[in-house]
Amino acid sequence: MDHVELFLLATGALAVTAVCRRWGLPVPLVLVAVGLLVSFVPGVPRYEVDPELLLEFVLPPLLYSSALSSSYQDFRASLRPIARLGVLLVLVSAVAVAVVAWLLVPDLPFAAALVLGAVVAPPDAVAAAAVGRRLGLPRRVMTLLSGESLINDATSLTLYKVALAGVATGAWSLGAGLRTFGLAVVVGVGLGFVVGVVVHRVRLRLDDAVVASAVGLLTPFAAFWAAEAVQGSGVLAVVTAGLYLGHTSLETGYSTRLYQGPLWSTVDLLLEGFTFALIGIQLQWVLADVRESGAGLAASLGVALAVLATAVLVRPLYLFATAPLRARASTGPPGWGSVVRDTTVLSWAGMRGVVTLAAAAAIPATTGGEDFPARSVLQFTAYVVAIGTLLLQGTTLPWVIRRMGVGSDDDEIRDARQEAQVRILLGRAAADVVHAREERWARDIGPEAAGKAVRGITSALSRAEEAAAVVLDPSRAGDDPAHPSPERGRRLQELRREMVATQRDVLRRQRDAGELDETVMRRVLRELDLEDEAVASSWLTSRRRTRRAEPDAGERVGSEPGGSEPGQGQSDPGEPGQGEPAQGEPAQGEPEGGRQEPDAGERGAAADGGRG
């Protein structure tokens, strides 16, 4: 495959992705559809990508990024239902597909049929998660979808290896398969944890965010290859390392979080776009392989459609059969109605993706010195399942979600109350820091001036955090008319945006006039950009953000998957007389650290502005 052709495919995928994000369209589905159309354009080359490239260079960073942005607490709390989806459902689906293929394809050994089952068994949550975020699926459902996608690849790839060994030897042992699976799990999880601990300690000792981010880019490959080298599951190693590093990201420096958030969002966008475009554009050549094999296109299509129907139907049958187990452990709303609605949505979120594509392409041409049985038919079937589930389930999943009435309103209310409470605690903690300095300040500027400074700063902190808490949770307002309303807060937010835009214009004019050096301009511009990001991440918009068909918080600059959003802490008030923020006066921070979120003075201004 020519490098220029790969570049053109990636560039085309990026262009389609940009259009989809602009108009709120489902990116994976549109990419597959466009790829299908382009594949039949005369002159389009055959894209033969080494499957090892997809498994070893595309899959690890995608899994790692997903694990970073996943909640370890939610994952641990839902581990049993996630395991039933990511392990047991994969095995059930693989066996069911294998039986159907074994019955329909003449002279197909069951081990070869099981290879197909392992290839098409694991769903890819990328498309489902994108739809779920846009339509506001509750966190309990999103946790199951994302958790399933983190471990089902490990199950399917391990079963894939066992089945390939069975085809090569002509014998298959359940005991040997279980030992292989057990070794893969133990070694993969263990090595992933070790890699996570080592990387975490390294990044704690780095004061360079660029270097720390580069270490993060190498981490998924180190975990994957280390585990695979010793017969472990590279997928589980990557997931374990990602979950650990995401959970401990709060201990790292703010600049590392600011760098890594947009970095991983960009990596995800490029790799996912390339993969889904590749799925669509390869179908024509898979059809050509079937014709050349002599298997017959009509017969192969019949097998593929039967396997597609099996893959689609097994999931709801399994999920509804195990629904009582999930209902007993559910943290969602009580009652069978909620369980049935959630189960219906989960049942229809079974779109296949990158692992199915890579594993199908990796089926060897020969094994044990002989041609692999019905290889072209199995590959064609896998592509039909991948494309069929993406187009069938992906296009209708939004309707299913709306029809079931599954939403995240309860999550938003609970999140707002929790954030309101923690902001009050943050304000008190910041006030404690100021009080602790009063004695030292008294020695420098006198007790009266020190007391006045402390009272002014702590009053601004208290008003600011209480104002934020009331906007998030109006039940805290009581009858106090001094509290700001969300509408007044949004007006203040619009004013801040206009102020930053005007300041940028001043920078541009000064630079164009030759009165401002580019280096100075970039330093000040970074501060203004962080101010703008603080407005975008403000608590004033937190109640509306989850409903927008835009990139979520983890995809905007300044937010790292698995970590805190910028500015969760308070700026150092400094020494009296050394530029400490007075009541209603914004503090100007350093180029890297300041202006991550509305600071005490600005939130005080929000409170004061609300009174007007």
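Is threonine 155 buried or exposed? At 2% relative accessibility, threonine 155 counts as buried, since the cut-off for that label is anything under 20%. This residue sits in helix α8 of what is, it should be said up front, a predicted model. Leaving aside residues up to four places away in sequence, Thr155 touches Gly86, Val87, Val90, Leu91 and Phe181.

Now for the chain as a whole. The protein chain has 612 residues, and 50% of them count as buried. Its secondary structure comes to 25 helices and two strands. About 27,900 Å² of surface is accessible, and carbon and sulfur atoms account for 60% of that. Take the contacts between residues at least 6 apart in sequence: 80% of them join residues at least 24 apart.

How confident is the predictor? Mean pLDDT for the protein chain is 81, with 81% of the residues reaching 70 or more. Residues 542-612 are another matter, as the pLDDT there is below 50. That stretch still has 169 contacts in the model beyond near neighbours in sequence.

Back to the helices, with α12 as a worked case. Helix α12 covers residues 254-281, which makes 28 residues. From its first C-alpha to its last, α12 reaches 41 Å, close to the 40 Å expected at 1.5 Å a residue. What surrounds it? Of the 28 residues of α12, 20 are buried, so the helix is largely enclosed by the rest of the structure.

Helix α5, residues 79-104, shows up in a surface feature instead. Val95, Val99, Trp102, Leu103, Leu104 and Phe110 make a nonpolar surface patch of about 550 Å². Helix α5 supplies the largest share of that patch, five residues. One of the patch members in α5 is Val95, and its relative accessible area of 41% makes Val95 partly exposed. As background on helices, there are 3.6 residues a turn, so residues three or four places apart point the same way.

Next come the charged pairs. Side chains of opposite charge can pair when their charged atoms come close. The structure holds 12 salt bridges. One of them joins Glu148 to Arg315, with the closest N and O atoms 2.8 Å apart. This pair links distant parts of the chain: Glu148 belongs to helix α8 (residues 139-169) and Arg315 to helix α14 (residues 297-321), 167 residues apart. Both Glu148 and Arg315 are buried.

Helix α8 takes part in another salt bridge, through Lys161. Lys161 pairs with Glu228, and here the closest N and O atoms are 2.8 Å apart. Glu228 lies in helix α10 (residues 209-229), so the pair ties together parts that are 67 residues apart in sequence. How open are these two partners to the outside? Lys161 counts as partly exposed because its relative accessibility is 43%, between the 20% and 50% cut-offs. Glu228 also falls in the partly exposed class, at 29% relative accessibility.

Further along the chain, Arg511 forms a salt bridge with Asp512, the closest N and O atoms being 3.0 Å apart. Arg511 is partly exposed, with a relative accessible area of 30%. In addition, Arg497, Arg504, Asp529 and Asp532 are joined into one network by salt bridges that share partners.

Finally, a look at the backbone. Most residues other than glycine have a negative phi. Which way does Asp107 go, positive or negative? Asp107 has a positive phi of about 60 degrees, although it is not a glycine. Its place is the loop between α5 and α6, where α6 spans residues 110-120. With 79% relative accessibility, Asp107 counts as exposed, because the cut-off is over 50%. Gln231 makes a second example, with a positive phi of about 65 degrees despite not being a glycine. The loop that holds Gln231 runs between α10 and α11 (234-247). At 55% relative accessibility, Gln231 counts as exposed.

Key
Residues numbered from 1 in each chain as written. Heavy atoms only, no water. Patch = residues over 30% accessible without salt bridge, like charges linked within 9 Å, V, L, I, M, F, W, Y side chains within 5 Å. Areas by Shrake-Rupley, 256 points an atom, 1.4 Å probe, with all protein chains shown as cover. Salt bridge = Lys/Arg side-chain N within 4 Å of Asp/Glu carboxyl O. Helix = DSSP H or I, 4+ residues; strand = E, 2+ residues; numbered from the N terminus. Buried < 20%, exposed > 50% of the residue type's maximum accessible area, 1.4 Å probe, protein only. Expected span 1.5 Å × (residues − 1). Contact = heavy atoms within 4.5 Å. pLDDT = per-residue confidence, 0-100.
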